[in-house]
Each structure stands twice: as structure tokens, then as C-alpha cells.
Amino acid sequence: MDTTATEAATPEDRVLDAAGTLFYGRGLQAVGMDAIRAASGVSLKRLYQLYPSKDSLVEACLRRRDARWRDALARYADARPAGAERVLAVFDWLHQWFGEPDFRGCAFVNSFGELGAGSEAVAALARAHKDAFRRYLTGLVTGAGAPAALADQLALLAEGAIVTAAISGDAEPALRAKEAARVLLEAAVARPNP
């Protein structure tokens, strides 16, 4: 999820980079606009011109993170042969993500936990992210010849692995979830259609 030097050149990208890193690392409520100003090198006046409120900055960071996260996952999984291998590649990608030194779980679950009850925008962005992930899994699952309903089960495996990895500080939950996904996928493909 690194940005290139070109992307980081604009004040808006510097703000989003700094805010994204700080929000993910410390939490939304613990980070103030002054910390984002200091980390981004953008003046407070310019920061507020770009994002008139912290809420608007949080929303922009979540939208950006969603696009980048889903793009990185799709690039990884879609590079694998279609079918079961592509479905299982999702869990290999999760394993790599969990192993990153700054991994702190799902930014959308974290954000929802902090602000979801008080911010309909954050709740809606978290729901949209999870729905998009499930839809992506549905495409992979049906492409592997399994019923679309399996995607819901695999999404639960992935979500459980994300939470477990974040709490335990261990990347292995992705591999355990992958083995469970393999069993479910093989059973679903072998089952005759009614």
C-alpha cells in the first residue's frame, strides 16, 4: 500500500498518506489535525482547505484505503489461474498482509468500532468495503464452479482470520483459514447441483 514519490508530491496526497498512517496506527480518535499537519508537512490552513473537518478527512482516507486494498488483493489473486487456485490465493494475500510490520487489523472494522455508532458515514463506508469484498469473492467462487453462497462462508473465514491475526500478532490464521476454505471449496464443487 505504499505510494510512489509522484503521488506523494501533492499536498492532498501527503495529507492522505500521513492521516492514513496515523489513523491506522493510533486510531481515529487519538489523532488530531495538528498531528496530521506535522506529519504531512502541509500547513493547517491548507489542510482545512482540503478537508474542512476531521470527519471529511477520515472518510477520504477510508475511501482511498478501500480502493487500494481491493486493488492490491485483486492484482494478487487475479494473477493466479482461474478456479480454486484464485480463490485460495485470497488467503495467501491475507497471509502476506498479516506479516507486514504495521499490520493492525482491518481499518474498516477498527473505524467502525471507534465511530460506527456515531458516524453513519463511517458505518456506511465499512459496510460498503465488506460488501465489495464479498462480491469479489462471489466472482471468484462462481468462477471456480462453486455456488455463490460459498462466498459468504469464505468471507467469514477471511474476516475471522483478520481479527485473529490482529489480536494474536501472528500471520498464521490466514493459512488455517485457507485450509478451511479449501475443504469448503472442494465439497461445494463436488456436490451435485440440485
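Modeller: Contact here means heavy atoms within 4.5 Å. The model is predicted, local features need pLDDT of at least 70 and side-chain atom pairs pLDDT 80 or more, while totals for chains, interfaces and linings use all residues. Residues are numbered from 1 along each chain as its sequence is written, and side-chain values use heavy atoms, without hydrogens and water.

Colleague: Against which helices do the buried residues of helix 1 pack?

Modeller: Helix 1, a DSSP run (H or I, at least four residues) numbered from the N terminus, covers residues 11-26. Its buried residues (under 20% relative accessible area, 1.4 Å probe, protein chains only) include Asp 13, Leu 16 and Phe 23. They pack against helix 2, helix 3, helix 4, helix 5 and helix 6.

Colleague: Which residue follows helix 1, with a positive phi?

Modeller: Helix 1 has 16 residues and reaches 22 Å from its first C-alpha to its last. The phi of the residue that follows helix 1 is near 110 degrees, and that residue is Gly 27.

Colleague: With which side chain does the side chain of His 129 make a polar contact?

Modeller: His 129 lies in helix 7, residues 120-143, and counts as buried because its relative accessibility is 2%. Leaving aside residues up to four places away in sequence, His 129 touches Asp 66, Trp 69, Arg 70 and Phe 108. The polar contact, at 2.7 Å, joins the side chain of His 129 to that of Asp 66.

Colleague: How far apart in space are Ala 187 and Asp 13, C-alpha to C-alpha?

Modeller: Ala 187 is part of helix 9, residues 173-190, whereas Asp 13 is a buried residue of helix 1. The two are 174 residues apart in sequence, and their C-alpha separation in space is 46 Å.

Terms used
Helix = DSSP H or I, 4+ residues; strand = E, 2+ residues; numbered from the N terminus. Expected span 1.5 Å × (residues − 1). Buried < 20%, exposed > 50% of the residue type's maximum accessible area, 1.4 Å probe, protein only. Polar contact = N/O pair within 3.5 Å; in protein donor to acceptor, adjacent residues only side chain to side chain.
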